[in-house]
Amino acid sequence: MPRPVLVAALWGLVLVLGGCRRTDPAPRPPETPEAGASPTAAASSPGAILFVSADTQGYLGPCGCSENMRGGIARAAFQVSEARRGALPVHYVDGGNSLFGEKTLKPGQVPQEELKAKALADAMRMMGLSVRATGPLDDTRGAAFRQGLGLPEVADGAVKLLPAGPRKVGVVAADSPEQLVAASAKARSDGADFVLGLLDAPLEEAQKAAELPGLAVDVLVATRSASELSGEQNRLVKATVPVVAPQSKGRSLVRVDLSYAKAPGSFSLQKGQADLEREVAALEQRTALLDKEINLPGIDPKLKALKQGKRDELVARKQALVSAPPAASPDVNGFTVRFVPLESGLPSLPDAQALVARYDSEVGKLNLAWAKEHGQDCPAPAKGQAGFVGNEPCRSCHEESFPVWEKSKHHHAWETLEEVGKQHHLNCVGCHVTGWEQPDGVCRLDKVAGREDVGCESCHGPGSVHAEEPSADNIIASPGEALCVTCHNPENSPHFDFATYLPRILGPGHGKPLDAASPDKPADERKPAKP
């Protein structure tokens, strides 16, 4: 079965299992989860659904450097929209630290990052955002800029009550454990039946807060990752109060399903969730193995297509599990906590995808215009230090190395950006030119000519000193893995393996003898490659 047909068929199964049959999503405005339902139906709703995002760090979507990358606000919007096709009230909540990825910006970054924050805000409105907390990464451009976006917010230490059928959900935000305890108590006194806590802290700190006496939250979300790598996985810690840390950079949503008993009362984590988690974990492990195989350099296209089809099937099965209504008991006020990984095989909401496309189109023009008006050339290297000179001085002595490089993906790095219109995106360009923001390198988007692609100096270091006086002591003859992972990192190249990828950029004249293709020739007759 062709891949598009397979994916369509599997998604038909997902929508049926999830109780979703209509196909014309139209998100509801915030604070009207029962829109379209009669007051009687809303009052008798057997439950509600909460979606939570946090620690998005200014990401509208994955970088796209590898295949099958998670994330994207348009995929998140589809999940929320589809849930609203059912009869239950739905709220979308953002935990904060979402608008920017850094606390401080260089002047050249400001136009792009502000435009991106505005696009994220527009997408959240499109998703019917009910309320959001704020963190340090939301105030990178100041509180006035953040407030000017017009999103509904809950201040630290405050409470926001959300109608959820016959019950009320209290959302509390805090930047300290003590503040969280006080705010959760206020939420209860204000009439909240279920309390969602948003703590501006990493998971480990949130776990300690969850054990504090007097804490009155039902679920606690840690809205900030401790480090770059600590946000790579979804994490759920089950204790008296379940603590959740979603995967950072907009790669997953948290989904909380509430089911109501006939009478109000305290909520408890529903039984049977452990079985669901094990099944989802097994599917994720199989998907991860396929991802690694699909991204192997030089994989046969037919084999790749077969593996991709299997991966699409696994993603659809997992999605059916994480979006299907949980079994509920009419005698128990219960809830489940599940992660919704935003996999590449999942649909995007068309309106949200169009919003992202507009950003991609506008930001490149904006950055280029800023560079032309305000850009400054890179400084000259310090006395005695090497600077970047480009490929041509290298060619004069190492002509035999260039045929290998010209067949590699490094030689087409700039072209890959041009193909998707991202050659003027500051998040991308640094790994697709030689010498980005380094002495004698590239510091202006309008002055990239001659430094496109991952050239000799990207791996071997700046070559001005070596070009003037060739020596093995003033150049990096054999770059190691530590240099490669500055670009081939978990975010951009999650399946990178140094030993597997290295042979793709080596060959006769470049890391191997010139006539390495003739293994029958005696080794002592082979001409060694130049350093």
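# Briefing: disulfides, a mixed sheet and helix α6

Cys-443 has a relative accessibility of 27%, so the residue counts as partly exposed. This cysteine belongs to one of the 2 disulfides found in a search of the whole structure. The model is predicted. The chain has 531 residues, and 48% of them are buried. The fold holds 18 helices and 14 strands. Among contacts with a separation of 6 or more, 71% join residues 24 or more positions apart.

**Disulfide Cys-378 to Cys-443**

- A disulfide is a covalent bond between the sulfur atoms of two cysteines.
- The sulfur atoms of Cys-378 and Cys-443 are 1.9 Å apart, and the two residues form a disulfide.
- The angle about the S-S bond is 100°, and this link is right-handed.
- The bond joins distant parts of the chain, with the two positions 65 residues apart in sequence terms.
- Cys-378 sits in the loop between α10 (350-374) and α11 (392-395).
- Cys-443 sits in the loop between α14 (426-429) and α15 (456-460).
- Cys-378 counts as buried because its relative accessibility is 13%, and the cut-off is under 20%.

**Disulfide Cys-431 to Cys-487**

- Cys-431 and Cys-487 also form a disulfide, with 2.0 Å from sulfur to sulfur.
- Here the angle about the S-S bond is -95°, and the link is left-handed.
- Cys-431 lies in the loop between α14 and α15, and Cys-487 in the loop between α17 (481-484) and α18 (498-501), so the bond ties together parts 56 residues apart in sequence.
- Cys-431 is partly exposed, at a relative accessible area of 27%.
- Cys-487 is partly exposed too, at 25%.
- Counting bonded cysteines along the chain, the disulfides follow the pattern 1-3, 2-4.

**Cysteines outside the disulfides**

- Cys-65 is in no disulfide. Its nearest cysteine sulfur belongs to Cys-63, 3.3 Å away.
- A disulfide needs sulfur atoms within 2.5 Å, so the 3.3 Å between Cys-65 and Cys-63 does not qualify.
- The relative accessible area of Cys-65 is 45%, so this residue is partly exposed.
- Cys-397 has its closest cysteine sulfur in Cys-394, at 8.9 Å, which is too far for a bond.
- Cys-397 counts as partly exposed, with 40% relative accessibility.

**The six-stranded sheet**

- Strands of a sheet pair through backbone hydrogen bonds, either parallel or antiparallel.
- One open sheet has 6 strands in the order β4-β5-β6-β7-β9-β8, and its pairing is mixed.
- Its edge strands are β4 (159-164) and β8 (235-237), each of which pairs on one side only.
- From one strand to the next, the twist averages 20°.
- Strands β7 (residues 219-222) and β9 (residues 243-245) run parallel and are joined by 2 bridges.
- Val-221 has Val-244 of β9 as its bridge partner.

**Helix α6 across the sheet**

- Helix α6 (residues 177-189) lies across β4, β5 (167-174), β6 (194-199) and β7.
- The helix runs at about 160° to β5.
- Its 13 residues should span 18 Å at 1.5 Å a residue, and the end C-alpha atoms are 19 Å apart, which agrees.
- An α-helix has 3.6 residues a turn, so residues three or four places apart point the same way.
- The buried residues of α6 are Leu-180, Val-181, Ala-183, Ser-184 and Ala-187.
- These buried residues pack against β4, β5, β6, α7 (203-210) and β7.
- Gly-191 follows α6 and has a positive phi, near 105°.

**Ser-66 and its contacts**

- Ser-66 lies in the loop between β1 (47-53) and α3 (73-83).
- Ser-66 counts as buried because its relative accessibility is 15%, where the cut-off is under 20%.
- A polar atom of the Ser-66 side chain lies 3.2 Å from the backbone oxygen of Asn-492.
- Leaving aside neighbours within four places in sequence, Ser-66 is in contact with Asn-295, Asn-492, Ser-493 and Pro-494.

Technical notes
Residues numbered from 1 in each chain as written. Predicted model: local features only at pLDDT ≥ 70, side-chain atom pairs only at ≥ 80, totals over all residues. Heavy atoms only, no water. Helix = DSSP H or I, 4+ residues; strand = E, 2+ residues; numbered from the N terminus. Buried < 20%, exposed > 50% of the residue type's maximum accessible area, 1.4 Å probe, protein only. Pairing = 2+ DSSP bridges. Axes fitted to C-alpha atoms, helices over the stretch in contact; angles between N-to-C directions. Contact = heavy atoms within 4.5 Å. Polar contact = N/O pair within 3.5 Å; in protein donor to acceptor, adjacent residues only side chain to side chain. Expected span 1.5 Å × (residues − 1).
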